[in-house]
Amino acid sequence: MKREFDVFGMSCAACSASVEKAVKSVKGCENVSVSLLTNSMSLEGSASDEDIIKAVEKAGYSAQVKGSKVEVKQAKGENVQKRLIISVILLVIHLYISMGAMVGLPVGIFSNHSLNATVQLTLSMLIMMLNRKFFISGTKALLRKSPNMDTLVSLGASAAFIYSYVAMALMFLYPEHAHKYYHELYYEAVSTILTLITVGKTLEERSKRKTTDAIDALLKLAPEKAVVERDGKEETVDVKDIKVDDIFILYPGSHVPVDGVIISGSGSFDESSITGESVPVDKSVGQNVIAGCINVESNIKARATRVGEDTTLSKIIKLVNEAASSKAPISRVADKVSSIFVPSVIVIALITFVTHLLLNAELSYALSRAVAVLVISCPCALGLATPVAIMVASGKGAKNGILFKDAAVIENTSRAGTIVFDKTGTVTTGKMKVVDEISFDDSFLSYAYTLESKSEHPLAKAVCNYAIEKNTALLNAEGFKALLGNGVEATIDGSTLYGGSVKFISSKLELESGVLAQCDKLSEEGKTPLLFIKANKLLGIIAISDTIRDDSKSAIAELKNMGLRTVLLTGDNEKTANAINRIVKFDEVISGVLPDEKEAYIRSFQRDGKVIMVGDGINDSPALMRADIGMAVSGGTDAAIGSASIVLMGDTVSTAVSAIRLSRSTLKVIKENLFWAFIYNLIGIPLAAGIFTPIFGWSLNPMFASLAMSLSSFCVVTNALRINMFNLKDSRKDKKYKFSKEKKMEKTLHIEGMMCGHCEKRVKKALENVDGVAVANVSHEAGTAVVTLNKEVSNETLKKAVEDQDYSVIKID
């Protein structure tokens, strides 16, 4: 079971790496993921909460079970903004006193080196006191042998301060050399380093808060109060006090407090905050309303069906939070680097210091280079490169009705080369509708309506809805029967009526060739013809069709333009599937597939790379789970949320296209962030160390190094925020990706003992249950099983899987 914890005290990627390492060492902890961005940790396993919290504390941080009462004291009374403002004011004064004379500014009494140095010492100490957090955190981390970013800052600032203090002491001891020692002071560098890094941290925190704006907006959707009806009276209660089956009242402009079903009234609902659909949706008695949506125009009563954490809105918020706190596979390299980054930088700083001394550089110069190395190095940029982009993408997706279950899904979606669609409820609306009426009798529709009014079949309901729209009279009928073979029977005015499929009616009446040709034409168009007869006379034909979604054709065209191979995988007959394809135009159509067979087709497609399966989340659950990325097009049903890795809250195929666009743009931003984080440190550290000085004459003052460090994380976070500006509906920037086929391996097992198709199925199932086997093609006639692997699987494992079914494996090629 997945568990969530809040973690306190982390300041950089090295901190999160230390926490993750400590918790992974606890017996019974698996899939540990620590997020620096959300200060949270998720994990699975049997370890107790107490053991996990102890491991975090041993690493030097604090933790508590997510949602529990906060007991951890965090920076009590600390006002970061106030600290920053005071630091900046003191720094301006410090820079004026220390450098004013250099630029021709009047410094008055501070032209005296002794007084100037004393004031600089005082100002520097004040700024160090204001920003003592760096020194406390950094020293503790160093003593725990898990240094972090604060360690680098405190070491750099302390080294510069101590050197300056020694130079100042020498200045007072040897007044004749006061001028020389005065120029060895680095107090202004200490003040600048601490202030600029505080500026950077403040900007970073502000930007990080913007990444959670979408989640905050979701949290604000559910009202705190609601009007309920109890004992015939209206009363206002807290939303948390609403129980299942309570009746709540919605007035125009009010937010829906919990999920429910309308029992009185009708009107339009703004569901844009949940589904991303900007057009209000009309709803009436018997239809569901979702918590967080807005009642636009009329008074409505609804009965609560899901409350508290069970509401759709609560589940959406949970999914977004889980996705934002998870890690994408692409971040693994950055995580590994972060775990050794700070110790490596300290070693590089020491090497820099010693090397310059060995090259006969002055002590002040060697120290300046070492300090610059310490303060320019930024593990935060590495640690934030991926999570900030994932957080923004999760929020952006939620605003547009796209819910990613974790970060890996976002990355994998951008890498998929094949997208497979179910038909009913996905490409089509799933709602049967009468599209043609061919009448041979004036009372035909009344007869058909009366006959089908007693049936519960979806096609019968379509006929009834059509008849009601036409204000058709309902006749008296007796002896209704639902007959085998897709037909119904009833007696009206003493005559027997039959209605049903062409095959069923053909068994009751010999149909003319012209009628059969008409029925064939309707079938070719993807329509289902229903025929009605009375006293051996054909009354008429009604053609019913599952209507194609308005955006299906354009969405498939956009997916093709993006370079994806599109496949329609349906259980409908070939004629219906081809009729749909004539309009929508998939690359490939596979029809007549049973639900349990869809999963096998997904396996076969996976031989060519990652596969997206788009379905309604109910009948398609096995295929959705087998696919690399399962997208459920539904209204957020429990079945969809349970089986898919992406839930599309809107009922449009174009939402799937938007999800792919969002994942591609997110991966692009992640790559940009990682590139910036790596290249910044790869260039910045050698520059600070003075490697480029003898070649190009480039060097870096510690103050400018601290400025670069303070802005590096801010740049990464700001770049991630660009995802919010991305237009998910705009196809103009779509690129046709060339997807490289993943390396697949094949092995052929020669098997004895298989006698029939049943044997084949047993062996096939056994092999495909082996982790790493994409698909197994088994033939009892050839005595072989050809398995396609998507990762290395030993011959012994394959052999055991077959022999456990009581068959013998002779050899494996």
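## Exercises on a predicted chain

Of the 813 residues in the protein chain, 52% count as buried. Keep in mind that this is a predicted model. Let's work through three exercises.

**Exercise 1.** Find out how the radius of gyration of the protein chain stands against that of a compact globule of 813 residues.

*Solution.* Start with the reference: a compact globule of 813 residues would have a radius of gyration near 28 Å. Next, take the value for the protein chain, which is 35 Å. Then look at the C-alpha trace, which spans about 130 × 80 × 50 Å along its principal axes.

**Exercise 2.** In the open sheet of 6 strands, work out which strands stand at the edges.

*Solution.* First write down the strand order, S6-S5-S7-S13-S8-S11, with antiparallel pairing. Now go to the two ends: strand S6 (233-238) and strand S11 (288-289) each have a single partner strand, so one side of each is left without a neighbour in the sheet. For a pair inside the order, try S7 (residues 247-250) and S13 (residues 300-306), which run antiparallel and are joined by 4 bridges. One residue to locate on screen is Ile247, whose bridge partner in S13 is Arg303.

**Exercise 3.** Decide whether Ile85 is buried, partly exposed or exposed.

*Solution.* Begin by finding Ile85 in helix H3 (residues 80-99). Its relative accessible area is 47%. Buried means under 20% and exposed means over 50%, so Ile85 counts as partly exposed. Finally, look at its company: Ile85, Ile89 and Ile93 form a nonpolar surface patch with about 260 Å² of accessible area together.

Conventions:
Residues numbered from 1 in each chain as written. Predicted model: local features only at pLDDT ≥ 70, side-chain atom pairs only at ≥ 80, totals over all residues. Heavy atoms only, no water. Pairing = 2+ DSSP bridges. Patch = residues over 30% accessible without salt bridge, like charges linked within 9 Å, V, L, I, M, F, W, Y side chains within 5 Å. Areas by Shrake-Rupley, 256 points an atom, 1.4 Å probe, with all protein chains shown as cover. Salt bridge = Lys/Arg side-chain N within 4 Å of Asp/Glu carboxyl O. Buried < 20%, exposed > 50% of the residue type's maximum accessible area, 1.4 Å probe, protein only. Rg over C-alpha atoms; globule rule 2.2 N^0.38 Å.
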